[in-house]
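Let's work through a few exercises together. Keep the viewer open and follow each solution step by step.

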Amino acid sequence: MQNSGPKVTPWEVRGEVDYEELIREFGVEPLNEELINRIERHAGYLHVLLRRNVFFAHREFGEWMDSYERGVETVLYTGRGPSGYTHLGHLVPWIFTKYLQDAFKADLYFQVTDDEKFLINPGMSVEEVKRYTDDNLLDIIAVGFDPKRTKIFTNLSYTKELYNIAVRVAKHVTFSTARATFGFTESSNIGIIFFPAMQAAPCFLPQTLKGTDAHVLIPCAIDQEPYWRITRDVAPKLGYRKPAGIYSKFIPGLGAGGKMSASMPETCIFLSDSPEEAKKKIRNAFTGGQPTVREQREKGGDPDVCVVYWYLYYLFDEDDKSVAETYEACRRGNRICGECKEQLAEKVAAFLVEHQRRREGARSILDEFLLRD
Ligand code: TYM
């Protein structure tokens, strides 16, 4: 495997990501205005993650909405690999999934890939992954999914049902395809080589459980797309519809460049961080500002490279006018980095307090969500 230049796979996102290029490389479609207007009509409002182009690409999302409008059962599928504590980036597809669940009154199947994280991380034991799983489940529920319409399962505790589907998928995927798609090598363990079939399996779970011809939509960040390429090839061979997908960009870390990643904790806001810890990280964040306040006032800053600005833009300032004013004021030198950092720190702290309150409440309703063998 090469070591330089940008790269996006389910296990690694490196370098400056060119999303236009990814659309071409992955063969997905950009989300256009017509589709965005259609979601808005169903939801009754336009989510900030759509308005700000964080969700930017899709596969057959229009066809999925056609199915909904024609009365075909339309369901959602998303997931989490529990290799650590949940961070703000993971929440982006989940918040959007909740928006879609509410808009389309859809059932949601939520997979937790404890097997994947055990297999891919050399130093990680099953016990450790299970500890993270128990923790992450609370964050997932805290998002506010409808308990009547949401089923959450982990691969190690819902194995029987999933494995029965996964073997059927696996039989149609050659090693050569899997290697080309995921970059497996001679030294990859055989567990991880089979794993893509386990991540594909929930695409066919609603059909298996209910005997319906469900149409599945997968909201996630674009790094998971390679799985769906394989799944879509296999679907007609098993007599199912191809799953549709809707894909987001990556929320950056607080450092210079790169997606938010738990492997760089100082640049990562964990949902378990105390408000004070999070504020401290934000105060140390990379900005587009000048080295001194005086220079900032004279020359202005560069919001295009500033992660503090991007956090406000992506998630924490929904007011279009206010965020446009921040951009202009920074450019003209009328706003200094400390002001933006404080604005963001207050918003993030308030968000964490509320999330952590909901997380505590999740403990008592956990069982309502879980599917087990
Ligand atoms: P995981 O745990 O790496 O990521 C969970 C979800 O978060 C997305 N994501 C991000 N989104 C925005 N900004 C970021 N910085 C960021 N980092 C991660 C991921 O795309 C994902 O949607 N193998 C999967 C678990 C899984 C799954 C699925 C995910 C199983 N089935 C179906 C999506 C859909 C994983 O390890 O995700």
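**Exercise 1.** Find out which side chain meets that of E298 in a salt bridge.

*Solution.* Step 1: recall that a salt bridge is a side-chain nitrogen of Lys or Arg within 4 Å of a carboxyl oxygen of Asp or Glu. Step 2: look at E298, whose side chain meets that of R294 at 3.4 Å, N to O. Step 3: place the pair; both residues lie in helix 14 (residues 293–299), 4 residues apart, about one turn of the helix. (Helices are DSSP runs of H or I with at least four residues, strands are runs of E with at least two, and both are numbered from the N terminus.) Step 4: for the whole structure, the count is 29 salt bridges.

A word on the model: it is predicted, so local features need pLDDT of at least 70 and side-chain atom pairs pLDDT 80 or more, while totals for chains, interfaces and linings use all residues. Residues are numbered from 1 along each chain as its sequence is written, and side-chain values use heavy atoms, leaving out hydrogens and water.

**Exercise 2.** Find polar contacts of the ligand, meaning pairs of N or O atoms within 3.5 Å.

*Solution.* Step 1: start at G81, where a polar backbone atom is 2.8 Å from a ligand oxygen. Step 2: go to K117, with a side-chain N or O atom 3.3 Å from an oxygen of the ligand. Step 3: finish at Q224, where a polar side-chain atom lies 3.2 Å from a ligand nitrogen.

**Exercise 3.** Which element gives the largest share of the shell around the ligand?

*Solution.* Strand 5 does, with 4 residues.

How values were computed:
Polar contact = N/O pair within 3.5 Å; in protein donor to acceptor, adjacent residues only side chain to side chain.
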